[in-house]
Amino acid sequence: MIFEFLEPAFMQRALLAALVIGLCAPLVGIFLVQRRLSLMGDGLGHIALTGVALGFLLQTNPVATAVIVASIGAIVVELIRAYGKTSGDVALAILFYGGIAGGVLLIGLSSKKSNVNLLSYLFGSLTTVSKFDIALIVALSVIIFFATLLLKKSLFALCHDSEFAQVSGIPVKLLSMVLAVMTAVTVTIAMRVVGLLLVSALMIIPVATAQQISKSFSGTRALSAAIGAFGAVSGVITSFYFDLAPGALIVVIVIFFFIASIGFSAYTRRRSLKLQVR
Amino acid sequence: MQVKEALQVTNLSVHYPGRIALDNVTLGINSSSVVAILGSNGSGKSTFVKACLGLAPIHSGTVSIFGTQFSQFKDHDQLGYVPQRIHDSMGIPATVSEVVQSGRLSHGWLRRFTQEDKEKISHAIEVVRLKDLENDSINTLSGGQYQRTLIARALASEPDLLFLDEPTAGVDLATQNVFAEALKHLVEAGTTVILVSHELGPLRPLVNRVIMFREGGIVFDGSPDAEAVDSHIFHDHPHSSSKPVLGWQV
């Protein structure tokens, strides 16, 4: 049967999660790329590891604790960027190391010391998306989708020219904080399918691909969401048939799209140059 | 009749680590005037504009816009700002129209654009003569065309007080002329314009007051026709040893 992959309940949940995550991750990622904060998702992914470990320790749902801990981490990093004397990249480095260290320490203290369990959070897994996870993932994805839609113009203004945005009366610090929290939430809801170590790729690579082809911000936004959704869903389906980690497959697929887009961009550029010469 | 002051700056100082960028500056600018702020690199002219707009940390002193202290100022749609050309190699494509749209956000950053907003955006693009390129990516524009886009963005908000920080620096003469024409429209509509520049160029006929900065302070405040203005333009470049033209206050 062609749609054999749709039969198991875990696959239905994984596919739904992949679809909404693939759609939403680039919608947030586009602002990170524009603001030159492409590695922010990685930093927050490491902080989310502490949240996952806290979930193990408290014997509660790790996705929920990861959302809370990563959001707090996002607010802290924005406060450091806005008011501290530490530059953005140093603040992110502190997140990287602090997040991993906190995660490893808390896992050591918890009774669930299973490496297999932890690996599913780091690299994604099809079978581990629970009913509670999928409800949380869909609910938060819907919020992120509409938030990016509502704030699209303001976030564009902020990321393109923050000084102009400030003079225009846009609450620059508040919006930066909202963007950081949206990044944290996206990272944590995506970790069940893509994995914490690879989730940032789903936020950035579809955007990098779309910007090779599109010439407008709206076009880049729409195309990157489509690439993200297609990459995530096709990665999960392929993972089902070959019994591979879905996160790695999703990333390989979107990288393939990126390489193809570079070729396409070079071809259209050369063609337009030829037409100009004629 | 008392002329309303668009900008009043009192004892304004801006300190950066290791240097004083602006030192105890006091001045008032009347509504509907066009004021050029001249000075060499590091003279404090750009810092002055940034401090007036809340973009530079004020060490001491006050800034009032249309009679309201800047900290209490909420009517952002009255303000326009064209920054020094921002380094734009972000890579994310955006069209001229999308960038100019940002200018209307000062009228409300969460609301949907109305037909009036769309008309103002379209008009601003027309004024800077970029209508043919409105759907082109800013990544493909020349320096002058990109600068015109930033000017259109400021024009789209229809400000009552417009700050321009070296809007014509490094752009071609055609762009300078287009800019002078756009500025003329604004001046006729009664907009107060504060223009930071190294030199006046084609904008000279529009300017009715010149303020010259040197080492964070005002060294000249008077007519654009004064001899001191020309001596600044032709001799007071960054490495010049010429003395400040003290005593020319008008």
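User: How many bridges join strand 6 of chain B to strand 7 of chain B, and do the two run parallel or antiparallel?

Analyst: Let's start with the terms. Strands (E, at least two residues) and helices (H or I, at least four) are DSSP runs numbered from the N terminus, and two strands pair if DSSP finds at least two bridges between them. In this predicted model, strand 6 (residues 79-82) and strand 7 (residues 161-165) of chain B run parallel, joined by 4 bridges. Tyr81(B) is the residue standing opposite Phe163(B) in strand 7.

User: What should I know about the numbering and the model?

Analyst: Residues count from 1 along each chain as its sequence is written, while chains are lettered from A and ligands numbered from 1 in the order in which they are written. As the model is predicted, local features need pLDDT of at least 70 and side-chain atom pairs count only at pLDDT 80 or more, though totals for chains, interfaces and linings use all residues.

User: Which faces of strand 7 of chain B are covered?

Analyst: In a regular strand, side chains alternate between the two faces of the sheet. Here both faces are covered: Leu161(B), Phe163(B) and Asp165(B) are buried on one side, and Leu162(B) and Leu164(B) on the other. "Buried" means 20 or more other C-beta atoms within 10 Å of the residue's own (12 or fewer is exposed, in between is partly exposed, and C-beta atoms are placed from the backbone). Across chain B, buried residues make up 45% of the 250 residues.

User: What sheet does strand 7 of chain B belong to, and in what order do the strands come?

Analyst: It's an open sheet of 6 strands in the order 6-7-8-3-9-10, with mixed pairing. Strand 6 and strand 10 (217-222) are the edge strands, each pairing on one side only. From one strand to the next, the twist averages 15°. Strand 7 pairs with strand 8 (residues 192-197) in the parallel sense over 5 bridges, and Leu164(B) stands opposite Leu195(B) there. Strand 9 (residues 209-214) and strand 10 pair in the antiparallel sense, over 5 bridges, with Val210(B) opposite Gly222(B).

User: Which strands stand at the edges of the sheet ordered 2-1-4-5 in chain B?

Analyst: That open sheet has 4 strands, and its pairing is antiparallel. Strand 2 (19-30) and strand 5 (68-69) each have a single partner strand, so one side of each is left without a neighbour in the sheet. Strand 1 (residues 5-16) is joined to strand 2 by 8 bridges, and Val9(B) stands opposite Leu27(B).

User: At what angle do helix 2 and helix 10 of chain A pack?

Analyst: Two packed helices are described by the angle between their axes and the distance between the axes. Axes are lines fitted to C-alpha atoms, for helices over the stretch in contact, and angles run from 0 to 180 degrees between N-to-C directions. Helix 2 (residues 40-58) and helix 10 (residues 199-213) of chain A pack at about 165°, with axes 8 Å apart. That makes the two helices roughly antiparallel (over 145 degrees; under 35 is roughly parallel, 65 to 115 roughly perpendicular, the rest oblique).

User: How many residues of each chain are in contact with the other?

Analyst: Contact means C-beta atoms, placed from the backbone, within 7 Å. By that rule, 22 residues of chain A are in contact with 23 residues of chain B. Helix 7 of chain A gives the largest share of chain A's side, 5 residues.

Methods:
Contact = placed C-beta atoms within 7 Å.
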